[in-house]
Amino acid sequence: MSDEQETKPTEETKPAEEAKAEGEPKKEEAKEEESTAHFEPVVKLEEVEVKSGEEEEETLCTYRSKLFLYGETLLDKGTGKKSWKERGIGEARILRHREHQRLRFLMRQEKTMKVIANHALDPRIKLEPNAGSDRSWVWSCFDFADGELEEKVFALRFANSEVAEEFKNKYQEHQKEMEKLLAGEDKPDEGGAAGEAAEALSGLKTSDE
């Protein structure tokens, strides 16, 4: 027998192999199933109401602007060297308390909502024009933005001189309102209201229970 005859498949073997292949069951592809399992959280967090501290106040006016602070940088701290540094961009607002009617200036950094200026609208504050600019004002005040009362020098820059002038007029208008309010609080007690209040308080008893 030659080599050609040994390697050549016979016609009898072919149908047998095909029949075997046809007889084998076809494998079905595995289908992906969506999980319907439900897991309860180990710790349930209760919804907490976050207060801004402005709930009892109304906004009288608001102006988008950029705030600067005059002072020492971290690198120059203790050296006495001062310069202007940016505090942030946001809405400069004047707020009035609904109960005692006092007014304050408040500004938050628009991205972080951090308070960058927070002080009473003291009638003694003077808005001065910033050198070389007709769209910004400079003033000094006692500010509480960092959690304690500090004397600071601010500069507030607006989009244009018209907006800057409008802000100044509103600021001074509400300063006069604050001045009248403070003058009323300093008046002597002519109607005897303080005496009535003292008498009412004397009738109250505090229990230790």
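**Aromatic pairs and a nonpolar patch in a predicted model**

Biologist: How many aromatic pairs does the structure hold?

Modeller: This is a predicted model, in which local features need pLDDT of at least 70 and side-chain atom pairs count only at pLDDT 80 or more, while totals for chains, interfaces and linings use all residues. Residues are numbered from 1 along each chain as its sequence is written, and side-chain values use heavy atoms, with hydrogens and water left out. Rings of Phe, Tyr and Trp (its six-membered ring) pair if their centres lie within 6.5 Å, and planes under 30 degrees apart count as stacked, over 60 as edge-to-face and the rest as tilted. The number of aromatic pairs in the structure is 10.

Biologist: What kind of aromatic pair do Y70 and W84 form, and how many residues apart in sequence are the parts that the pair ties together?

Modeller: The centres of Y70 and W84 lie 5.1 Å apart with 55° between the planes, which makes the pair tilted. Helices (H or I, at least four residues) and strands (E, at least two) are DSSP runs, numbered from the N terminus. Because Y70 belongs to strand β1 (residues 57–71) and W84 to strand β2 (residues 83–97), the parts tied together are apart in sequence by 14 residues.

Biologist: Are F105 and F167 buried or exposed?

Modeller: The rings of F105 and F167 have centres 6.2 Å apart and planes at 75°, so this pair is edge-to-face. F105 lies in strand β3 (residues 103–108) and F167 in helix α3 (residues 161–185), so the pair links parts that are 62 residues apart in sequence. With buried meaning under 20% relative accessible area, exposed over 50% and partly exposed in between (1.4 Å probe, protein chains only), both F105 and F167 are buried.

Biologist: Which residues form one aromatic cluster?

Modeller: F105 and F167 belong to this cluster, and both of these residues are buried. The full membership is Y63, F105, W139, F154, F158, F167 and Y171.

Biologist: Which residues make the nonpolar surface patch of about 340 Å²?

Modeller: Patches are made of residues with over 30% relative accessible area and no salt bridge (a side-chain nitrogen of Lys or Arg within 4 Å of a carboxyl oxygen of Asp or Glu); like charges are joined within 9 Å and nonpolar side chains (Val, Leu, Ile, Met, Phe, Trp, Tyr) within 5 Å. Accessible areas come from the Shrake-Rupley method with a 1.4 Å probe, and for residues only the protein chains shown count as cover. One of the patch residues lies in strand β6 (residues 136–143) and counts as exposed at 52% relative accessibility, namely F142. The patch is made by F142, F144 and L149.
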